[in-house]
Amino acid sequence: MQEITLSNGVKMPLLGYGVFQVSPAECERCVSDALSVGYRLIDTAQAYANEEGVGNAWRKSGLKREELFLVTKVWIANNGEEKAAKSIDESLRKLQTDYIDLLLIHQAYGDVFGTWRAMEKAYHDGKVRAIGVSNFQSGCFFDFAHYVDVKPMVNQLQCNTLIQQTAIEPILAEFGTRMMAWGPLGGQGVEGIVKSEELAAIGAKYGKSAAQVALRWLTQRGVVAIPKSSHKERMAQNFDIFDFTLTADDMAAVAKLNQHDTGTIDFGDPQFVKYLIENYG
Ligand SMILES: NC(=O)c1ccc[n+]([C@@H]2O[C@H](COP(=O)([O-])OP(=O)(O)OC[C@H]3O[C@@H](n4cnc5c(N)ncnc54)[C@H](OP(=O)(O)O)[C@@H]3O)[C@@H](O)[C@H]2O)c1
């Protein structure tokens, strides 16, 4: 598996498996399948309510802890120094491990600076190997990264062939922050990428599917991708992207597919913020 090196020297797989909208009951089976396919990075979150399933799957896999890269996220209901610290211990308990490889702030609302202090402490105490954020769009990310002591090592954003997140790249680079792509295939029930004729035509040259081209394009940019599938054969297909290379012309052709550079969710929209805080804060 190809890896990237985070700003603190921690090595992170370039491709992983995500478990958003995988029910707690189904999660253990899905992660067991993903591990048997070869995935070693698993992306979960407190809000997904399936950290225990991830922990059960790796415990039963026989893999050594250091062979895995576990990612989880602090939810907005746990924001603030004290609550975030407790929630980190709760995530460790559910994941059945004594360290998390990468811990992210899930959403940029509430007392994120307090949350970050708890994450910095967990980082210095060895409970977490790397810390970062998710869904921090460019202005918000700059403000946050400027003022914190330990700079975010990762920003996990909605990113795929239709939502390319090119505008934020120089801002991330300023802080040595790497991008991780959620929704790398467009998300649940969205078929614009996996059924894209343009991507399929590129893939036909290499015997690859549109989905494989989409994931190869991200990882070839150096963006970590975490596709989700409940089907083992699709997990295997999505994993099989390191035996071909897109040419500069292919990369340029995919770059032209960009439609919503910063994503389809406006995280600054007061209605969206209100909805999240009122329902989950
Ligand atoms: N930080 C955040 O706020 C945030 C938000 C969303 C997601 N995430 C993370 O990112 C991960 C991935 O994002 P996502 O789950 O939203 O979407 P995604 O991985 O882009 O797409 C998943 C969808 O694509 C289908 N699929 C997967 N592989 C396929 C293939 N080879 N061919 C055709 N269809 C395929 C899946 O269906 P089947 O399952 O039926 O195969 C599912 O409907 C999540 O699981 C989560 O870990 C983070």
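**A ligand and its surroundings**

Visitor: How far does a backbone N or O atom of Gly187 lie from an oxygen atom of the ligand?
Guide: Keep in mind that this is a predicted model. Here the backbone of Gly187 supplies the N or O atom, and the ligand supplies an oxygen atom. The distance between the two is 3.1 Å.

Visitor: What percentage of the ligand's own accessible area does the protein cover?
Guide: Taken on its own, the ligand has 910 Å² of accessible area. The share of this that the protein covers is 90%.

Visitor: Which residue has a side-chain N or O atom 2.6 Å from an oxygen atom of the ligand?
Guide: Let's start with the residues closest to the ligand: Asp43, Leu185, Lys228, Ser229 and Arg234. Lys228 has a polar side-chain atom 2.7 Å from a ligand oxygen, so that distance does not match the one you asked about. The residue at 2.6 Å is Asp43.

Visitor: Which helix gives the most to the shell around the ligand?
Guide: The ligand is surrounded by 29 residues. By class, 10 of the shell residues are nonpolar, 15 polar and four charged. Three shell residues come from the helix spanning residues 232-239, which is α9.

Visitor: Which strands are at the edges of the open sheet of eight strands?
Guide: The pairing in this sheet is parallel, and the order is β3-β4-β5-β6-β7-β8-β9-β10. An edge strand pairs on one side only, and that fits β3 and β10.

Visitor: In β7, what is the bridge partner of Leu103?
Guide: Strand β6 covers residues 102-105, and three bridges join it to β7, residues 131-134. In β7, the partner of Leu103 is Ile131.

Conventions: Residues numbered from 1 in each chain as written. Predicted model: local features only at pLDDT ≥ 70, side-chain atom pairs only at ≥ 80, totals over all residues. Heavy atoms only, no water. Near = heavy atom within 4 Å. Polar contact = N/O pair within 3.5 Å; in protein donor to acceptor, adjacent residues only side chain to side chain. Areas by Shrake-Rupley, 256 points an atom, 1.4 Å probe, with all protein chains shown as cover. Helix = DSSP H or I, 4+ residues; strand = E, 2+ residues; numbered from the N terminus. Nonpolar A, V, L, I, M, F, W, Y, C, P; charged D, E, K, R; others polar. Pairing = 2+ DSSP bridges.
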